[in-house]
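Please look through the structure shown below with the following report at hand. The report deals in turn with charged pairs, the contact of two chains, aromatic rings and some local features of the backbone.

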Amino acid sequence: MTAPELDHTRPMAPQEAVPGPMGGVLEGVDVSCWFGSRKVLEGVNIKMDAGVVTALIGPSGCGKSTFLRTLNRMHELVPIATLAGSVLLDGHDIYGVGLRLTEVRRRIGMVFQKPNPFPAMTIADNVAAGLKLTGKKVADRDGLIEASLRRAGLWNEVRNRLDAPAGGLSGGQQQRLCIARSLAVSPDVLLMDEPCSALDPTSTRRIEETILELKDQVTIVIVTHNMQQAQRVSQHCAFFLAAENEPGRVIEQGPTDRLFSDPNDPRTADYVNGRFG
Amino acid sequence: MQTTDPQGSVPSDVPEPPPHADEPRKLEARLTDADRVYRAVVSSGAAATLLLITLIGVFLLIGAWPALKEAGFSFLTEKVWTPDGQPPRFGVAAMMFGTFVSAVVAMAITVPVAVCTSLFINEYAPRAVRRSLTSLVDLMAAIPSLIFAIWGLFFLVPALAPIEDWVVAQFGGWLPLAEASATGGSLFNAGLIVACMTIPITTSIIREVLAQAPRHECEGALALGGTRWGMITSVVLPFGKGGIIGGSMLGLGRALGETLAATLILSIAFEIKPRILENGGITVASGIAIEFRDAKEMGLSALMAAGLALFIVTFAINFLAAMVVSRSRSGAST
């Protein structure tokens, strides 16, 4: 695997109210996962660099979402779930005692497949929810809310109804609200689990634009079933596959262009050309 | 089954489709026999409930009428209970006061304990413990109130006596609530025992509702770096508000009508006083149970009137609760 060089020349993000680094380097090392006695993922090694959007592709049930959930310790919320290996955030093991669990999840944010804003809260409160949850005090709360909504490309649509309940937004707006909510706690990494699978094409395009705008500010890892989407938004791509009754493995990974135009493995070629999955 | 004639015209007993008009039309549908039977069965069930409540209300009203006529408005304000005396003097003021005080004490203990127990079982307990705890709580709801009352009388109240005496000694001088000439058979202790009876049923309902909190929202809170407690306050409790109120109201309904605990624990006294730790008090239910045996004609009617008053109060509280719950229905804004 050839990881792109870290680009230290890229411009700082507009961060009046959003302090924080420009994105962290996340690395899965020999990650294997089980649900009970069933092994669903085996020996996954992927390095997700800052300034790069990494796409995880593969057919359903190949373990890519499971892998994504190991990256911010959501995997262990399933009572019977276990894992082996380690996940390094800027070189520190997130499963070790060096990093607090809540700190891991704050620094590695997540956007879910189904938009999950807090329906009873207002739009503004949703954006600021992470601050309350992490006990962070911010001098300019309104400024942070505006900056986060702008970064998620939602500001112009909701600027006049910040006090309206979030449940009234459309699905695409709710998803961008969730992105804004994740960005408000200034994460180093943003994990996205099929963020557009429940959305219409217009909303999907808005989210893809948002991803491209964010990629210099925060490391993005996206699981997607949509091959065009992987090509449009990602620079690095990993193809997961699980043979019948076997755990999922990474079959091939590399620069997205190369993976799609000149795959090394015939299974990758079959998948990216739509012959199965 | 109707058949069409050879010209294919519509059979005569099928109504004409209504003319098209620019207003909402009446919707009709032909039901299957199974649907009709099912509807009849469930409607009669609902009707039976209504009929039962109405009959009880009417029965109480008829029985209470002589007493209500005799006492008039003073029935609500009079504390003394000598309906068979000459002249008869009686009223529900002391009974209602005792009922409310013991119910308030009971709910003040029940609601926090029930919410915390529910949260512990749902969110903190190890998986192995969770199931047995759940069935234990449900089992507690099935323990007869007599058992709780006896346990309270012979164990809990004596065990608490030193603490209550200490509180009285420390705070009694300047805090009216804590004044007492003697402790033990107080409204506070009665409420405490009632709480033991209402905690299981309330916990059972609240736990069930809180377990329905949408997991994807809970994960959203955790993924932002929230603690489990943060997740509970931002997702689980707002979602379960309606259920917490509903479960508490069911518990309150039981607390208002609870007879045995008050009958066994309370030293009977028809009076209204702020000293909830002091011996003496009466509730409507325990008053009826105690006075019933020796009641003569007017006494019986007066007890019926007291029962009617409790019936109306319980009804009103449940009605209010239903309104609150429907306004804050769990997850309504999802």
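A residue is called buried when its relative accessible area is under 20%, exposed when that value is over 50%, and partly exposed in between. By this rule Glu209(A), with a relative accessible area of 33%, is partly exposed, and Arg205(A), with 47%, is partly exposed as well. The model described here is predicted, and the values below are computed from it.

**Salt bridges**

Side chains of opposite charge can pair when their charged atoms come close. Over all chains, the structure holds 28 salt bridges, and the table gives some of them with the distance from N to O.

| Residue pair | N to O distance |
|---|---|
| Arg73(A) and Glu76(A) | 3.0 Å |
| Arg205(A) and Glu209(A) | 3.3 Å |
| Lys215(A) and Asp216(A) | 3.9 Å |
| Glu219(B) and Arg69(A) | 2.7 Å |

In the salt bridge of Lys215(A) with Asp216(A), the acidic partner Asp216(A) is partly exposed, at 28% relative accessibility. Salt bridges that share partners also join Glu157(A), Arg176(A), Arg205(A), Arg206(A) and Glu209(A) into one network. Within this network, how many residues apart are Arg205(A) and Glu209(A) in helix α7 of chain A? They are 4 residues apart in that helix, which covers residues 201-214, and so they are separated by about one helical turn.

The pair of Arg73(A) and Glu76(A) can be described in the same careful way. Arg73(A) has a relative accessible area of 14% and is therefore buried, whereas Glu76(A), at 31% relative accessibility, counts as partly exposed. Arg73(A) lies in the loop between α1 (64-70) and β4 (81-89) of chain A, and its phi is near 60°, a positive value in a residue other than glycine.

A positive phi is also found at Asp90(A), which is likewise not a glycine and has a phi near 50°. Asp90(A) belongs to the loop between β4 and β5 (92-93) of chain A, and with a relative accessible area of 39% this residue is partly exposed.

**The contact of chain A and chain B**

The size of an interface is often given as the accessible area lost when the parts come together. Between chain A and chain B the buried area is about 1800 Å², and carbon and sulfur atoms give 67% of it. Chain A brings 29 residues to the contact and chain B brings 19 residues. Of the area that chain A buries against chain B, Phe118(A), Pro119(A) and Leu133(A) supply 29%, more than any other three residues.

The count between the two chains is 1 salt bridge, and a salt bridge joins the side chains of Glu219(B) and Arg69(A). Across the interface there are also 2 residue pairs in polar contact. On the side of chain A that touches chain B, at least two residues each come from α2 (101-107), β6 (108-111), α3 (123-134) and α6 (171-184), and α3(A) gives the most, with 4 residues. The residues on this side of chain A divide into 16 nonpolar, 8 polar and 5 charged.

**Aromatic rings**

A pair of aromatic rings is described by the distance of the centres and the angle of the planes. The count over all chains comes to 9 aromatic pairs. One of the pairs is formed by Phe75(B) and Phe90(B), which are arranged edge-to-face, with 6.2 Å from centre to centre and 75° between the planes. This pair links distant parts of the chain, since Phe75(B) is in helix α2 (residues 74-77) and Phe90(B) is in strand β2 (residues 89-90) of chain B, 15 residues apart. Phe75(B) counts as buried at 4% relative accessibility, and Phe90(B) is buried with a relative accessible area of 3%. Together with Trp81(B) and Phe270(B), these two residues form one aromatic cluster.

In chain B, the loop between β1 (81-82) and β2 contains Pro87(B). The peptide bond that joins Gln86(B) and Pro87(B) is cis, with omega about -5°.

**A buried serine in chain A**

Is Ser234(A) buried or exposed? Ser234(A) is buried, with a relative accessible area of 5%, and this residue lies in the loop between α8 (227-233) and β9 (236-241) of chain A. The side chain of Ser234(A) reaches the backbone oxygen of Ala230(A) at 2.6 Å, and a polar contact of 2.8 Å joins the side chain of Ser234(A) to that of Thr256(A). When residues up to four places away in sequence are not counted, Ser234(A) touches Val53(A), Thr54(A), Ala55(A), Gln229(A) and Thr256(A).

Key: Residues are numbered from 1 along each chain as its sequence is written. Chains are lettered from A and ligands numbered from 1 in the order in which they are written. This is a predicted model: local features need pLDDT of at least 70, side-chain atom pairs count only at pLDDT 80 or more; totals for chains, interfaces and linings use all residues. Side-chain values use heavy atoms; hydrogens and water are left out. A salt bridge is a side-chain nitrogen of Lys or Arg within 4 Å of a carboxyl oxygen of Asp or Glu. Buried means under 20% relative accessible area, exposed over 50%, partly exposed in between (1.4 Å probe, protein chains only). Contact means heavy atoms within 4.5 Å. Buried area is the accessible area (1.4 Å probe) that two parts lose on being put together, summed over both. A polar contact is a pair of N or O atoms within 3.5 Å; within protein, one must be able to donate a hydrogen and the other to accept it, and residues adjacent in sequence count only if both atoms are side-chain atoms. Ala, Val, Leu, Ile, Met, Phe, Trp, Tyr, Cys and Pro count as nonpolar, Asp, Glu, Lys and Arg as charged, and the others, Gly among them, as polar. Rings of Phe, Tyr and Trp (its six-membered ring) pair if their centres lie within 6.5 Å; planes under 30 degrees apart count as stacked, over 60 as edge-to-face and the rest as tilted.
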